[in-house]
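Trainee: I would like a close look at one part of this model, the aromatic residues and what surrounds them. Please take it slowly and then work outward.

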Amino acid sequence: MNAAVYALIANSCMAALFVVTYGVVAITYSRQRAAVWFMVSYLLGFLTPICELLFRFTDYRLLFAVLGYAAFLGAITVMSVGIQAFAGHRLCRRPAALLWAGGMTLRMSLLGGTRNSLPYEMLFQLPFALGSILVLFSIRRIAQKGPIRTLLMVVFGIIGAHFLAKPFMAASLGSGHSAQYYATSYYAVVSQVSTGVLLVAAGLFLMLLVIQKALDDTIRDAESDPLTGLANRRGLARAGPALLAEARRDGHGLYAMVLDLDHFKRVNDMFGHAMGDRVLVAFADLLRTVAARDVLAVRLGGEEFALLVPDAFGPAERSDNRASHLAGDIRALLRRFDRQGLPPLTVSGGIVRHAPGETLDDLIARADQLAYRAKRAGRDHILHEPVPVSVEPSHDWHDEAQPGRRVATG
């Protein structure tokens, strides 16, 4: 066996490994539907060297030459659709389908062409180069920024340039005047090895992106409340200190608002727990509606929620700050709950501003104390502490707190 055959065997083995790996990811992480597309892409890539080998060792050379071309072009076009799925965009399969159909039409028209000529080789490689460019544009739409995405773009840029350079390599090294001569040519070895190395690099970087996204999704799930989709206490513990540090660094205000739904137990008792869950989900949706992207909304547990509200402009001595405005919007929208077929609902709460030297735990605990006072004072209002206070660091609220219970009782 010559070096080209060894290169084909190596390429098929690497493609098979990617097929298995992406298959395992697709099964393990059900939300990673893009992994299925990548598995199919590398399955087609696996068939390409198999067709090349069958071309060498059977009498059906024309059949396997066309099938190998179709499989490889299919691998590239399917890859572009898979990256669209990975990016979370609506799948646009038409460009990939048109490119594959156009490429196959071009390939069939070249069957009687003059091999080992620059025009022939350029037309032969053109669909692969266009497919690489299509993949490259799909990668640019991935919102997941970072060095891995950048390196993947670089790799597919090189792959596209590689296909455009291959006609000149063929003209320089000689690809043979027939398919049989090509199979034993030095150009075949260079072509198979270089293409295999680049596609393995692409597969590795793509796998890193898939794994990174799967880990991000796992962390997001761990830090999100499964019922409402808001951040949970773990999410608060991760994101809250960053908001606190940013407020300290920029000299801005940061408010904590703790909200407790009034008489929520009555909702469960009178309408059932299914209705109670609907109310919690509706209230969480309400918070998402009124809160801007820089506001962290949290379900602390049970019917208790919290908001961390940055305020770059509100003076510390005024109570008409951004958090107070949000509280007014929340109470106003709650009055419309009955229009959604939900029980009438009110909320009690407390708003406090972060004080110098205060930890996140102390900030939430103070807002929680104020919310409890609002409930004891008759419910259906949100108390505001207008003047910042000096506090000493106290106990860790999430060490003592349990879902649905307060640490401080006033």
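Trainee: In which helix do Phe124 and Phe128 lie, and how many residues apart are they?

Mentor: One caution before the detail: this is a predicted model. Phe124 and Phe128 share helix α5, which runs over residues 118-140. They sit four residues apart there, about one turn of the helix. Both residues are buried.

Phe128 also pairs with Phe163. Their ring centres are 5.4 Å apart. The planes meet at 40°, which lies between the 30 degrees and 60 degrees cut-offs, so this pair counts as tilted. Phe163 belongs to helix α6 (residues 147-173), while Phe128 belongs to α5, so the contact ties together parts that are 35 residues apart in sequence. The accessibility values fit the label buried, which requires under 20%. Phe128 has a relative accessibility of 4%, and Phe163 has 1%.

Now the wider count. There are 12 aromatic pairs in the structure. Phe124 with Phe128 is one of these pairs, and its geometry is edge-to-face. The two centres lie 6.3 Å apart, with 75° between the planes. That angle is over 60 degrees, so the edge-to-face label follows.

These residues belong to a group. Tyr69, Phe72, Tyr120, Phe124, Phe128 and Phe163 make up one aromatic cluster. A charged side chain touches on this group too: Arg107 lies over the face of Tyr69, 5.5 Å from the ring centre.

Stay with helix α6 for a moment. Phe156 is another residue of that helix. Its relative accessibility is 5%, so Phe156 counts as buried. In sequence, Phe156 and Phe137 are 19 residues apart. In space, their C-alpha atoms are 9.8 Å apart.

Next, the space around the cluster. The largest pocket holds about 1000 Å³. Its lining has 49 residues. Those closest to the pocket centre are Thr48, Glu52, Phe124, Tyr182 and Gln192. So Phe124 has two roles in this description: it is a member of the aromatic cluster, and it is one of the residues closest to the centre of the largest pocket.

Which elements build that lining? At least two residues each come from α1 (3-28), α2 (34-57), α3 (61-87), α5, α6, α7 (179-183) and α8 (186-222). Helix α3 gives the most, 10 residues. By class, the lining divides into 29 nonpolar, 14 polar and six charged residues.

Helix α8 deserves a word of its own. Leu204 is found in it. With a relative accessible area of 47%, Leu204 is partly exposed. Leu204 and Ile148 are 56 residues apart along the chain, yet their C-alpha atoms are separated by 9.9 Å.

Helix α8 also leads to a further pocket. The second largest pocket has about 360 Å³ of space. It is lined by 18 residues. Nearest its centre are Gly229, Leu230, Ala231, Leu296 and Ala297. Two or more lining residues come from each of α8, α9 (233-250), α11 (273-290) and β2 (296-301). The classes here are 10 nonpolar, three polar and five charged residues.

Two backbone points lie elsewhere in the chain. The first is His263, in the loop between β1 (253-261) and α10 (264-271). Its phi is positive, about 50°, although His263 is not a glycine. At 35% relative accessibility, His263 counts as partly exposed.

The second is Arg379, in the loop between α13 and β5 (382-384). Arg379 is not a glycine either, and its phi is positive at about 70°. Its relative accessibility is 30%, so Arg379 is partly exposed.

That loop calls for a look at helix α13 itself (residues 360-376). At 1.5 Å a residue, its 17 residues should span 24 Å. The end C-alpha atoms are 25 Å apart, which agrees. Helix α13 is mostly covered, with 13 of its 17 residues buried. Gly378 follows the helix and has a positive phi, near 125°.

Back to your starting point. Phe124 and Phe128 lie in α5, and both are buried. Phe128 is in a tilted pair with Phe163, and Phe124 is among the residues closest to the centre of the largest pocket.

Terms used
Residues are numbered from 1 along each chain as its sequence is written. This is a predicted model: local features need pLDDT of at least 70, side-chain atom pairs count only at pLDDT 80 or more; totals for chains, interfaces and linings use all residues. Side-chain values use heavy atoms; hydrogens and water are left out. Rings of Phe, Tyr and Trp (its six-membered ring) pair if their centres lie within 6.5 Å; planes under 30 degrees apart count as stacked, over 60 as edge-to-face and the rest as tilted. Buried means under 20% relative accessible area, exposed over 50%, partly exposed in between (1.4 Å probe, protein chains only). A charge sits over a ring if NZ of Lys or CZ of Arg is within 6 Å of the ring centre and within 35 degrees of the ring normal. On a 1 Å grid over the protein atoms alone, a cavity is a set of points where a 1.4 Å probe fits but cannot get out, and a pocket is an open set with protein on both sides within 12 Å along at least five of seven lines; lining residues have an atom within 4 Å of a point. Grid points are joined across faces, edges and corners, and a volume is the space filled by probe spheres set on the points. Ala, Val, Leu, Ile, Met, Phe, Trp, Tyr, Cys and Pro count as nonpolar, Asp, Glu, Lys and Arg as charged, and the others, Gly among them, as polar. The expected span of a helix is 1.5 Å times one less than its number of residues.
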